[in-house]
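Biologist: I am new to this one and would love a friendly walk through it. Could we look at it together, one question at a time?

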Amino acid sequence: MTQATSTKLDKAALSAEILRHLKYSIGKDAAHASRRDWRMSLSFALRDLVVDPWFASTRKSYEAKGKRVYYLSMEFLIGRMIEDFSVNLGMEEIAKQALADLGQDYGLIVVDEPDAALGNGGLGRLAACFMDSLATLEIPAYGYGIRYEHGLFEQHFENGRQVETAEKWLTHRNAWEFERPEVSYHIGFGGHVDVDNGHHTWHPAEQVIASAYDTPIVGWKGQWANTLRLWAAKSITLFDLQKFNEGNYLAATEPEALARTISRVLYPDDTTNTGKELRLKQEYFFTAASIQDLLRRYLSEHSDLSNLAKHVAIQLNDTHPAVAGPELVRLLVDLHGFDMTEAIETARECLGYTNHTLLPEALERWPEGMFAYVLPRHHQIIRDIEAYHVGHVGGPSRIFEHGEVKMGELAFIMAHKVNGVSALHSDLVKQTVFHDLHQTYPNRIINETNGITPRRWLYSCNPPLRDLINETIGTEWPADLAQLSGLVPHISDAGFIEKFDSAKRQNKERLSNWMQARHGVLLNPDAMFDIQIKRIHEYKRQHMNLLETIAYWNDIKDNPNGNWTPRVKIFGGKAAPGYYFAKDIINLINDVAVKINADPATRDLLQIIYPENYNVSMAEMLIPAADLSEQISTAGKEASGTGNMKFALNGAPTIGTLDGANVEIREHVGAENFFLFGLTAAEVVERRHTHGYARQAIEASPRIARVLDQIANGEFSDGDTHRYGGFVHNLYEHDYFMVTCDFDKYYAAQRDVDTAFQDRARWGKMAAMNTAKIGWFSSDRTIEGYARDIWGVRHKNSNFRSDQSAA
Ligand code: NBG
């Protein structure tokens with residue numbers, strides 16, 4: 001047996017390992033193994049290779065007695081893992097060959113893996129990129145989250161409308177995790193609080209068990225691995241034997257079913273706050289388990305808690321884990337004898353909070369009555385935190401307002417640093433949502449612009465471009481993305497641009513083949529692939545893109561001999577199940593696609609494609625094939641965006657507004673390589689004061705007026721004038737997101753795109769410039785920023801020595 005002790009195996013050794021797992025872990029004989037059996041065996045063999053570096057990293061962290069980072073996130077949108085492991089271990093080629101020797105196709109096995117879709121969108125995917133960078137930078141870190149039985153719903157279209165079904169990634173075994181039944185904590189809800197001599201004791205009315213599942217996350221070159229620890233909810237009383245014996249079988253399993261509800265499904269909203277009791281319980285469940293777990297780890301190394309903040313950095317990914325503040329205070333005061341002020345200050349030194357949105361509907365608030373009912377002791381402690389805050393700085397109550405508990409304010413007050421996720425967003429955080437708190441704590445808000453991991457978002461998803469970059473500037477760039485600027489001198493070389501173009505072409509063909517196989521549609525690879533993929537939301541304005549598409553169609557038909565640029569418009573994304581306007585947008589895209597795709601007059605010039613069930617894996621297929629990246633949100637609404645970075649990295653120029661990280665992307669890649677249009681954030685705010693701005697804009701633009709008439713008259717709905725009546729009415733009368741006001745400028749910018757695209761040499765340079773100058777947007781750079789500005793921890797590339805991490 002060739003047991004893996006080093007992180008690398010040769011082809012024969014890996015084949016042997018795969019066969020060994022097939023036999024002893026799966027219990028199958030090669031002659032009868034299914035593709036899934038092979039996939040599981042490969043996954044187990046790769047996982048084995050991570051175990052030694054994982055142990056070594058843990059050992060080093062213990063020996064260093066340094067600081068650990070705890071990243072608390074309700075969502076980790078991981079996607080598939082085989083390529084992550086094999087690429088980071090440098091085993092991709094070997095895995096391909098080993099499987100080929102066994103008569104298996106690596107590519108087919110990779111795509112057999114279900115996506116781990118434990119997140120909604122950007123926020124969850126950011127957490128996954130951060131885990132990759134934390135391991136690459138060799139920062140001792142744990143990701144803490146929930147092991148949802150069902151990840152983000154599967155999206156299907158029925159007559160063009162979105163319908164949702166339950167996602168089922170755990171139907172078959174998850175190859176990457178280690179179950180840790182011995183790592184478990186009791187988590188309470190409800191009940192009452194006793195006070196005895198100033199000492200509080202919480203007596204919860206119900207309790208569940210949080211049980212750990214660990215997935216090792218290995219960094220680039222396999223040097224370091226951290227742990228992603230996800231909690232599953234289990235029942236304390238597994239089974240009511242008495243009820244069973246009475247023949248009451250359903251009731252006998254009730255306690256288990258109830259407990260499991262807590263980790264059963266991911267809430268499918270991203271930018272809205274659902275405000276349901278179950279959601280609050282989920283948040284407390286994973287936060288409390290994580291805090292107990294990190295305190296246990298700390299106490300295994302230290303005799304008292306006075307130096308906690310020197311060894312523990314807890315990052316709150318949005319407000320979902322904001323109850324970490326009061327929970328830590330509760331444990332320090334009620335269990336470890338701290339006084340309230342000391343506990344609040346200790347907790348605050350440990351905590352950092354990242355804000356991911358300015359949309360008021362996304363900022364979490366809980367009805368105070370419900371909060372006090374579910375978490376009575378935390379409710380009291382938040383009152384104490386409020387009193388502490390008001391006592392220190394004066395002024396009105398911040399956390400409690402109109403009978404609600406505001407989690408943003410709580411997170412802010414309990415964090416020593418609060419960060420936004422792009423330069424513009426961080427400024428707006430200071431000016432708007434946390435304006436007053438910013439006056440009180442002027443040094444607390446900082447910026448850490450988001451980033452993406454280049455290992456997944458270029459190295460593994462785009463082999464043709466990866467190979468070209470390797471042969472041009474060497475192979476060190478995946479761990480030092482700024483090196484991509486080494487491509488700049490080559491961009492004036494026509495031969496290089498030709499190769500760059502041909503890499504794009506290969507990706508477009510790969511996408512076309514996939515579309516044909518999966519969706520039965522043929523794409524024209526000579527056309528511009530114009531892609532907008534992200535959650536469907538009014539502020540992201542997929543409908544503006546669609547209206548522009550219709551206008552383009554009209555113009556082609558009006559002037560069939562014009563010099564038109566062929567386009568394939570690709571949309572992808574899910575809508576929150578209860579977000580009706582977003583679902584109408586989906587329906588309209590699909591209806592318009594049916595009509596336009598069937599039009600023989602424009603067939604070679606314009607196609608609309610909307611594959612269902614967009615997810616991380618689909619993004620990995622679409623992004624490398626994109627010619628144009630659509631980042632067209634209403635200015636001031638997109639906190640950062642991270643898809644925008646992925647497209648630029650893969651050589652797709654952006655058409656976009658001055659919103660989120662677009663602003664910084666444009667500065668980096670150069671204004672001449674970015675198609676800018678639209679109102680600025682300040683202009684948007686101002687325009688809102690103009691009464692009837694939407695109607696005015698429509699009356700001033702024959703182009704959009706005509707498109708809205710077509711929709712209202714049923715041109716895309718078989719003459720049904722009701723289906724989109726509300727949609728059109730909304731644009732005339734409200735249009736909060738200023739589609740009508742930005743439309744003409746967007747249309748004009750699209751024609752500039754057409755002109756540029758027709759000039760192949762110019763386009764090639766623009767595309768390559770995007771790749772060459774986007775290196776700053778690596779999530780390694782982002783994590784270095786968090787390490788330096790928020791956590792005070794050292795990493796692989798730092799010569800900076802924090803006084804906090806010096807043991
Ligand atoms: C999202 C923002 C994006 C941003 C990601 C990651 C939420 C609440 N926010 O603009 O909308 O890129 O967070 O920071 O999902």
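Biologist: In which loop does Asp-627 sit?

Modeller: Keep in mind that this is a predicted model. Asp-627 comes after helix 24 (616-622) and before strand 22. Its place is therefore the loop between helix 24 (616-622) and strand 22 (628-631).

Biologist: Is Asp-627 buried or exposed?

Modeller: The cut-off for buried is under 20% relative accessible area. Asp-627 has 3% relative accessibility, so Asp-627 counts as buried.

Biologist: Which side chain makes a polar contact with the side chain of Asp-627?

Modeller: Let's start with the surroundings: beyond its neighbours within four places in sequence, Asp-627 is in contact with residues including Lys-504, Ala-527, Pro-653 and Trp-763. A polar atom of the Asp-627 side chain also lies 2.8 Å from the backbone nitrogen of Phe-529. The side-chain to side-chain polar contact spans 2.6 Å, and the partner is Lys-508.

Biologist: How many residues of strand 11 are buried?

Modeller: Strand 11 covers residues 225-234. The strand is largely enclosed by the rest of the structure, because the buried count out of its 10 residues is 9.

Biologist: Which strand pairs with strand 11 in the parallel sense, and which runs antiparallel to strand 11?

Modeller: Strands of a sheet pair through backbone hydrogen bonds, either parallel or antiparallel. Here, 5 bridges link strand 11 in the parallel sense to strand 4 (residues 141-146), where Tyr-144 stands opposite Arg-229 of strand 11. Another 10 bridges join strand 11 to an antiparallel strand covering residues 206-218, and Ile-209 stands opposite Lys-234 in strand 11. The parallel partner is strand 4, and the antiparallel one is strand 10.

Biologist: Which residue in the hairpin turn between strand 10 and strand 11 has a positive phi?

Modeller: Most residues other than glycine have a negative phi, and most peptide bonds are trans. The hairpin has 6 residues between its two strands. One residue in that turn has a phi of about 70° although it is not a glycine, and at 43% relative accessibility it counts as partly exposed. That residue is Lys-221.

Biologist: What is the phi of Asp-718, and where does Asp-718 lie?

Modeller: Asp-718 counts as exposed, because its relative accessibility is 77%. The loop that holds Asp-718 lies between helix 29 (702-712) and helix 30 (725-733). Asp-718 is a residue other than glycine with a positive phi, near 50°.

Biologist: How far apart are the end C-alpha atoms of helix 10?

Modeller: Helix 10 runs over residues 277-299, and it is largely enclosed by the rest of the structure because 18 of its 23 residues are buried. At 1.5 Å a residue, the helix should span 33 Å. The distance between its end C-alpha atoms agrees with that: 32 Å.

Biologist: Which residue places a side-chain N or O atom 2.6 Å from an oxygen atom of the ligand?

Modeller: The residues surrounding the ligand include Gly-122, Asn-450, Tyr-539 and Glu-638. Backbone atoms take part as well: a polar one of Ser-640 is 3.0 Å from a ligand oxygen, and an N or O atom of Ala-639 lies 3.3 Å from a ligand oxygen. The side-chain atom at 2.6 Å belongs to His-356.

Biologist: How much of the ligand's accessible area does the protein cover?

Modeller: On its own, the ligand has 380 Å² of accessible area. The share of this area covered by the protein is 93%.

Biologist: Which strands stand at the edges of the open sheet with the order 14-16-15?

Modeller: This sheet has 3 strands in antiparallel pairing. Strand 14 pairs with strand 16 (residues 404-406) over 3 bridges, with Trp-366 opposite Val-405. An edge strand has a single partner strand, so one side of it is left without a neighbour in the sheet. The edge strands are strand 14 (365-367) and strand 15 (400-401).

Biologist: Finally, what is the relative accessibility of Leu-588?

Modeller: Leu-588 belongs to helix 23 (residues 580-597). Not counting residues up to four places away in sequence, Leu-588 touches Leu-546, Ile-711, Tyr-724 and Phe-727. Leu-588 counts as buried because its relative accessibility is 1%.

Key: Residues numbered from 1 in each chain as written. Predicted model: local features only at pLDDT ≥ 70, side-chain atom pairs only at ≥ 80, totals over all residues. Heavy atoms only, no water. Helix = DSSP H or I, 4+ residues; strand = E, 2+ residues; numbered from the N terminus. Buried < 20%, exposed > 50% of the residue type's maximum accessible area, 1.4 Å probe, protein only. Polar contact = N/O pair within 3.5 Å; in protein donor to acceptor, adjacent residues only side chain to side chain. Contact = heavy atoms within 4.5 Å. Pairing = 2+ DSSP bridges. Expected span 1.5 Å × (residues − 1). Near = heavy atom within 4 Å. Areas by Shrake-Rupley, 256 points an atom, 1.4 Å probe, with all protein chains shown as cover.
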